[in-house]
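Q: Could you walk me through this one? I'd like to go over the contact between the chains and then a few local spots.

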Amino acid sequence: MPNMSPTKVPVEEQAPLVRNKNFLEVSLSYMPEQAVEEARRCLNCKNKPCVAGCPVNIHIPEFISRVAAGDFKGAYEVISETNALPCVSGRVCPQENQCEERCVRGVKGEAVAIGRLERFVADWYLKNVSAMPVKPQSNGIKVAVVGSGPAGLTCASDLAKKGYQVTVFEAFHTAGGVLVYGIPEFRLPKAIVQSEVDKLKALGVELELDVVVGRTITIDELIEEGYKAVFVGSGAGLPMFMGIEGESLAGVYSANEYLTRVNLMKAYLDDHDTPLRQSKAVAVVGGGNVAMDAARCAKRMGAEKVYLLYRRGEEEMPARREEVNHAKEEEIDFRLLANPVRLLGNEKGQVCQIECVRMRLQAPDESGRRSPKEVPGSNFFLPVDTVIMALGTSPNPLIRATTPGLETNRKGCLVVNEETMATTREGIYAGGDAVTGAATVILAMGAGKKAAQAMDEYLSAN
Amino acid sequence: MVKIVAKKELNPTVTLLTVDAPRIARKAQAGQFIIFRLDEQGERIPLTIADYDREQGTVSIIFQKVGLSTQLLGALEIGDTILDFVGPLGVPTELPQGARRICVIGGGVGCAIAFPQAMALHAKGVQVDVIAGFRSKDIVILEEEFNAVSDRFFLMTDDGSYGEKGLVTNKLQELMDGGSRYDAVIAIGPIPMMKFVCKTTEPYQVPTIVSLNPLMIDGTGMCGCCRVTVGGKVRFACVDGPDFDGHQVDFDELMSRNAVYREQEAEQKERHTCRLEQLGKALIQ
């Protein structure tokens, strides 16, 4: 008999006013008995609507039924058949718009906590089973993966499992891409990313750090070096700015810079050398997950006041609801329907004030979107010593500029065949934010997976 | 990880290191830079490539021991390793088409970067005048080297303790007033020096290329830390530069952006002494 409770088994979290002063994880994992109880809420539907909602098609009811039976190792094996990074996706996936959105239990009450269960299983495995994957028999075919973010890691993992000799090239000194420079420790501990990377190495994948493809070596040179196919997962790293006055004052960061200083360069640890502004009052501009991450990092770095400025309303925020709620609980001061128009500096050229204008939403247009419009004469000022622009990112032009024949669209995203992720150059595939522009970790993983499949077919045929 | 294969102290605060980095050596061109990170706790610091040897697979950097990371870098010896060394980054220097007469100006440690420019131009048969400026005699570097690759070489010191007394801009003004006509000027040195070189050349409309040194993290266009305003537009020095048309650069903004962590640098210095001591102790043991 399934557990018919209409709500998810709650998960423990650090208290908001405690956690907003540390970088430890916000949400804790289920205990085994909690996981079993939650797993028993799954009705094991025959048509599995949840699986269709998952970009990497995890066999969700199968893994959950194993959790319900207390077979956590078996559950992990089911997940890892299709998902190369379960510890990651269990934490950062927007399940509410994917698997859980389609869960039948969600019709009357809350969906099964698929994300929490995935995380539980992955964490349990990491803690209790030390076995590393076994390196498959090599087929001797060299494949290059550019970028070690979620798309690249997934693609590399799938290809390595098929016996390819995979080398991953990473521009930074640490593998993981956005998982290490962008998403903060309190949402995704870096030790967990490292454990996923270690699994990849055990599969025989080689990692070449500190290599900027497009500068240190070009894709064509990789092909000359004997790589028979290349996957480009170089992400969407180029930060956008508003183009308003004062944006280059000292103390104005892109979210990428701020988060990289905090996460990758570990500015929150005393023994690391990378400096960060010791801010008292911070304004973060934007309404996505990255804006939430930046605001919550700024609070943890000791800022007394952190404003979050967004030109639309809370309903329109692209950030996950959970992240918005977490940010509010942590005393981030949301100033919605407000848009910066100018940044003002002091005599040292450092930002000291942000001038904003109030916005109101217009009636929905044909696409149903309510665009914001300035309210004339409603300008107001906030005293700040730091401004973080979290307005989105676009793909880095380095690879398209140095690889003849790679077509991009108007936004600079690589053009691919959506079925195979093949680019306009034979043997070169791409996926993740480099193709879609800034999107989610799991979509990037899905693309890496799809590309690995197509690359295998291509390489087998040639 | 790269290994140090040669080291030379050019003056009490400026050091040359040559490292084994074949991939970078194969690609490097004048004007490009690398980013290094010493160890797991280290910052990422950009340094312009001073020289490279494609056959030996080595790259040389010349740096002044000013902050924590360069102090620690300067403490390393031949055979030691640097954890991360990535490049070549940025775009190579581009000179105006058909430039035949060029004045290369270096200020202080900036001479380390001006020198390979002068050398490359000289080798191409371009007529090269070099003006090198230093605070005083004891920090003069690359004098002989500059002499060998220039048609005319002018050495200036602020205090007159060596060469001619005066600033590089005094000499430049004098040369241009005296009828020297340049197709381009390349200026590499402290921000105020580059700013005033540009002010000097502007009335003569001589294209002036400056090599900027903003703060950076990734060096691939990802963080925007290195943004500079050039001709009213925001550019990223790491991917669009580091060389820019000096007449278009907002030097004052660059100066204030580079000063943003100055207060923290004092703190860093304290910690750095501790780490240097630790390194020293480790060496003795």
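The chat below goes through the interface, some helices, two loop positions and some salt bridges.

Q: Before we start, what kind of model is this?

A: It is a predicted model.

Q: Ok, how many residues does each chain put into the contact?

A: Chain A contributes 45 residues to the contact, and chain B contributes 43 residues.

Q: And what area is buried between the two chains?

A: About 3,700 Å² is buried between chain B and chain A, with carbon and sulfur atoms giving 48% of that area. On the chain B side, 20% of the area buried against chain A comes from B:Arg23, B:Met222 and B:Tyr261, which is more than any other three residues supply.

Q: How many salt bridges and polar contacts are there between chain B and chain A?

A: Four salt bridges are counted between chain B and chain A, and there are 16 residue pairs in polar contact, counting pairs with both residues at pLDDT 80 or more. A salt bridge also joins B:Lys27 to A:Glu221, where the closest N and O atoms are 2.7 Å apart.

Q: Which elements of chain B supply the side that touches chain A?

A: At least two residues each come from helix 1 (22-27), strand 7 (84-89), strand 14 (227-230), strand 15 (233-236), helix 8 (251-258) and helix 9 (262-284) of chain B. By type, the residues on that side of chain B are 16 nonpolar, 16 charged and eleven polar.

Q: Staying in chain B, how far does helix 3 reach?

A: Helix 3 of chain B, residues 111-123, has 13 residues and spans 18 Å from its first C-alpha to its last, close to the 18 Å expected at 1.5 Å a residue. Just after this helix, B:Gly125 has a positive phi of about 90 degrees.

Q: Which residues of helix 3 of chain B are buried?

A: The buried ones are B:Cys111, B:Ala112, B:Ile113, B:Ala114, B:Phe115, B:Pro116, B:Gln117, B:Ala118 and B:Leu121.

Q: Switching to chain A, why is helix 12 described as largely enclosed?

A: Ten of the ten residues of helix 12 of chain A, residues 255-264, are buried, so this helix is largely enclosed by the rest of the structure. The buried residues include A:Glu257 and A:Arg261 as well as A:Leu259 and A:Val262.

Q: What covers the buried residues of helix 12 of chain A?

A: The cover includes helix 9 (178-181), strand 5 (238-239), strand 6 (252-254), helix 13 (289-300), strand 14 (386-389) and strand 15 (393-394) of chain A. Just after helix 12 of chain A, A:Lys266 takes a positive phi of about 55 degrees.

Q: Loops next: where is A:Gln95, and is it buried or exposed?

A: A:Gln95 sits in the loop between helix 6 (86-92) and helix 7 (114-128) of chain A, and it is buried because its relative accessible area is 7%, under the 20% cut-off. A polar atom of the A:Gln95 side chain lies 3.4 Å from the backbone oxygen of A:Ser89. Leaving aside neighbours within four places in sequence, the contacts of A:Gln95 are A:Ser89, A:Gly90, A:Glu100, A:Glu101, A:Gly115 and A:Arg320.

Q: And where is A:Gly140?

A: A:Gly140 is in the loop between helix 7 and strand 1 (142-146) of chain A, and it is partly exposed, with a relative accessible area of 46%. A:Gly140 and A:Tyr164 are 24 residues apart in sequence, with their C-alpha atoms 6.4 Å apart in space. Leaving aside neighbours within four places in sequence, A:Gly140 is in contact with A:Gly163 and A:Gln165.

Q: Last topic, how many salt bridges does the structure hold over all chains?

A: Over all chains the structure holds 43 salt bridges. One of them pairs A:Arg296 with A:Glu330, with the closest N and O atoms 3.0 Å apart. This pair links distant parts of the chain, 34 residues apart, with A:Arg296 in helix 13 of chain A and A:Glu330 in the loop between helix 14 (321-329) and strand 9 (333-336) of chain A.

Q: What other salt bridge does A:Glu330 make with an arginine, A:Arg300, and at what N to O distance?

A: The side chains of A:Arg300 and A:Glu330 meet in a salt bridge at 2.7 Å, N to O, and both A:Arg300 and A:Glu330 are buried. A:Arg296 is buried too, at 0% relative accessibility. A network of salt bridges links A:Glu13, A:Arg19, A:Arg187, A:Asp293, A:Arg296, A:Arg300, A:Glu323, A:Glu329 and A:Glu330.

Key:
Residues are numbered from 1 along each chain as its sequence is written. Chains are lettered from A and ligands numbered from 1 in the order in which they are written. This is a predicted model: local features need pLDDT of at least 70, side-chain atom pairs count only at pLDDT 80 or more; totals for chains, interfaces and linings use all residues. Side-chain values use heavy atoms; hydrogens and water are left out. Contact means heavy atoms within 4.5 Å. Buried area is the accessible area (1.4 Å probe) that two parts lose on being put together, summed over both. A polar contact is a pair of N or O atoms within 3.5 Å; within protein, one must be able to donate a hydrogen and the other to accept it, and residues adjacent in sequence count only if both atoms are side-chain atoms. Helices (H or I, at least four residues) and strands (E, at least two) are DSSP runs, numbered from the N terminus. Ala, Val, Leu, Ile, Met, Phe, Trp, Tyr, Cys and Pro count as nonpolar, Asp, Glu, Lys and Arg as charged, and the others, Gly among them, as polar. The expected span of a helix is 1.5 Å times one less than its number of residues. Buried means under 20% relative accessible area, exposed over 50%, partly exposed in between (1.4 Å probe, protein chains only).
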